[in-house]
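This briefing walks through selected features of the structure shown below, grouped by topic for reading alongside the sequence.

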Amino acid sequence: MSGHLLYNLHKDCKMKIGICTDHGGYALKKNIHESLIKMGYEVADFGAFKQDDEDDYPDFVIPLAKAVATKDVQRGIAICGSGVGASIAANKVAGVRAALIQDHFSAHQGVEDDDMNLLCLGGQVTGSASAQELIMAFLKAEFSGAERHLRRLQKIKQLENK
C-alpha cells in the first residue's frame with residue numbers, strides 16, 4: 001500500500017483514505033465509502049464487511065490506525081455506535097491523532113491546529129448528511145505547521161515514546 005503520492009504534492013491528486021466500522025456504524029460506512037469513491041478518493045476498507053452485531057470495534061479500528069501511523073493511508077475515518085470507542089482505540093496507536101467529531105469547526109480545526117489524522121464518527125448519532133459535511137471539512141483541511149502547534153505535538157510525541 002505504500003508509495004502513494006501524498007495529496008499535497010499536486011492539486012489534482014486525491015489522498016488515500018482508510019475507513020472502518022463495527023456493527024454500530026455499518027450502514028453509515030457503506031454510504032460514506034460510496035461517496036468517497038464517487039469524489040475520486042482511493043479508499044482502503046478495513047471492515048466490517050457485513051453486519052454482525054457481535055463484532056468488536058478494536059478489530060477494525062486498530063488495523064486502520066496502524067495504516068494511518070505508517071502512512072499507508074493519509075487519513076482515516078473510524079465509525080462505531082457512538083464514536084467514543086473508536087476514538088479511544090485509535091489513540092492507543094503511536095502516531096495517530098484521532099478525535100470524535102460532531103461539528104464542522106472541530107472537523108477542520110483538528111487538522112489545522114492538531115494535525116488530526118483520524119476522524120471518528122458515531123454511526124448511531126451522526127446522520128449521513130452531517131457525516132458527509134464533517135468528512136469533507138476533515139479531508140480538505142491542512143495542518144498549519146505553526147510553531148506553537150508543532151511544539152504541542154512534540155510534547156505528545158514525547159509521551160508516545162515513553
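Which residues are buried in helix α4 (residues 104-114)? In this predicted model, the buried residues of α4 are A107, H108, Q109, G110 and V111. The points below begin with the surroundings of that helix and then turn to strand β3, to R75 and to the cysteines.

**Helix α4 and its ends**

- The buried residues of α4 pack against two elements, β3 (75-80) and α5 (128-140).
- At the N-terminal end, α4 is capped by D103, which places a side-chain oxygen 3.3 Å from the backbone nitrogen of F105.
- After α4 comes D115, a residue whose phi is positive, near 55°.

**Strand β3 and its neighbours**

- Because six of the six residues of β3 are buried, this strand is largely enclosed by the rest of the structure.
- In a regular strand, side chains alternate between the two faces of the sheet.
- In β3 both faces are covered, with R75, I77 and I79 buried on one side and G76, A78 and C80 buried on the other.
- Strand β1 (residues 16-21) runs parallel to β3 and is joined to it by five bridges, and I17 has R75 as its bridge partner in β3.
- Strand β5 (residues 118-122) also pairs with β3 in the parallel sense, over five bridges, and here G76 of β3 stands opposite L118 of β5.

**R75, a buried charged residue**

- R75 lies in strand β3, where it is buried yet has no salt bridge.
- The nearest side chain of opposite charge to R75 belongs to D115, at 5.9 Å, whereas a salt bridge requires a side-chain nitrogen and a carboxyl oxygen within 4 Å.
- The side chain of R75 does, however, reach a backbone group, namely the oxygen of F138, at 2.4 Å.

**Cysteines without disulfides**

- A disulfide is a covalent bond between the sulfur atoms of two cysteines.
- How many disulfides does the structure hold? The structure holds zero, and the sulfur distances of C20 and C80 can be set against the cut-off of 2.5 Å for a pair of cysteine sulfur atoms.
- For C20, the closest cysteine sulfur is that of C120 at 8.0 Å, which is too far for a bond; C20 counts as buried because its relative accessibility is 0%.
- For C80, the closest cysteine sulfur is again in C120, here at 7.3 Å, so the two sulfurs are too far apart for a bond; C80 has 4% relative accessibility and therefore also counts as buried.

How values were computed: Residues are numbered from 1 along each chain as its sequence is written. This is a predicted model: local features need pLDDT of at least 70, side-chain atom pairs count only at pLDDT 80 or more; totals for chains, interfaces and linings use all residues. Side-chain values use heavy atoms; hydrogens and water are left out. Buried means under 20% relative accessible area, exposed over 50%, partly exposed in between (1.4 Å probe, protein chains only). Helices (H or I, at least four residues) and strands (E, at least two) are DSSP runs, numbered from the N terminus. Contact means heavy atoms within 4.5 Å. A polar contact is a pair of N or O atoms within 3.5 Å; within protein, one must be able to donate a hydrogen and the other to accept it, and residues adjacent in sequence count only if both atoms are side-chain atoms. Lys and Arg count as positive and Asp and Glu as negative; His and the chain ends are not counted. Two strands pair if DSSP finds at least two bridges between them.
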